[in-house]
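Where does this protein enclose empty space, and which cysteines are joined? Here is a short report on both topics.

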Amino acid sequence: KEDNVIIKNLTVVSSSTGGDEAGIAVYDSEDVQILDVKFIDNINGLYLEDAQDLTIRDAIFDVKDYGIYTTGSSGLHVIDSEFRNGSSSNACIYQSSSDEKGGAQIIANTFDNCYTGWKSGSSNNIFGDNTLRDNDYGIMLTGTESYNNMIRDNTFDDSYYGIYIYN
């Protein structure tokens, strides 16, 4: 557990080893910043478990399974980042189900050719000013714990479903 960490100006290539299969894994930490990092050929680019108030800015994710996978985490900020070429039936950004965790702000990102751009089972998130192109699902909100989410000012282009909501 480490708090107040900054990771920047880095390329992470094929670093998917261990149980989380992540290029970078953050466990039980607060106030971590990941700035200008490029993720290439990782099973999970970034894996977050019980992480609070994490900021990702100006990152590039060449998605294999998940670009960002979160469980038990809240206060995620993903800003000005690019997600592309998701080759599986997973999500570029995935938030696990939780009515207590969430509070993500996913702002001004690009999602190109992902199976699902953003899949969330959590509440109180903001998804705005994003561009989603050539995805099967732009946004997928799932389950009874996914409520009070704001989706605003996004552009959807050539996705099978722009927004898909189910229980």
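The report below takes the cavity, then the disulfide, of this predicted model.

**The cavity**

Rolling a probe the size of a water molecule over the atoms shows where empty space is left. A search of the whole structure finds one cavity of 30 Å³ or more. Its volume is about 40 Å³. Ten residues line this cavity. Closest to its centre are Thr70, Gly72, Ser73, Ser96 and Lys101.

Two strands, β5 (60-71) and β8 (91-102), each give two or more residues to the lining. Strand β8 gives the most, with five residues.

What classes of residue make up the lining? The table gives the counts.

| Class | Lining residues of the largest cavity |
|---|---|
| Nonpolar | no residues |
| Polar | nine residues |
| Charged | one residue |

Lysine counts as charged, so Lys101 is the one charged residue in this lining.

**The disulfide**

A disulfide is a covalent bond between the sulfur atoms of two cysteines. The whole structure holds one disulfide. Cysteine 92 and cysteine 114 form this link, with their sulfur atoms 2.0 Å apart. That distance is within 2.5 Å, so the pair counts as a disulfide.

The angle about the S-S bond is -95 degrees, and the link is left-handed. Where do the two cysteines sit? Cysteine 92 lies in strand β8. Cysteine 114 lies in the loop between β10 (110-112) and β11 (116-123). The pair is 22 residues apart and links distant parts of the chain.

Are cysteine 92 and cysteine 114 buried or exposed? Both are buried.

Strand β8 appears in both parts of this report: five of its residues line the cavity, and cysteine 92 is in this strand.

Definitions and conventions
Residues are numbered from 1 along each chain as its sequence is written. This is a predicted model: local features need pLDDT of at least 70, side-chain atom pairs count only at pLDDT 80 or more; totals for chains, interfaces and linings use all residues. Side-chain values use heavy atoms; hydrogens and water are left out. On a 1 Å grid over the protein atoms alone, a cavity is a set of points where a 1.4 Å probe fits but cannot get out, and a pocket is an open set with protein on both sides within 12 Å along at least five of seven lines; lining residues have an atom within 4 Å of a point. Grid points are joined across faces, edges and corners, and a volume is the space filled by probe spheres set on the points. Helices (H or I, at least four residues) and strands (E, at least two) are DSSP runs, numbered from the N terminus. Buried means under 20% relative accessible area, exposed over 50%, partly exposed in between (1.4 Å probe, protein chains only).
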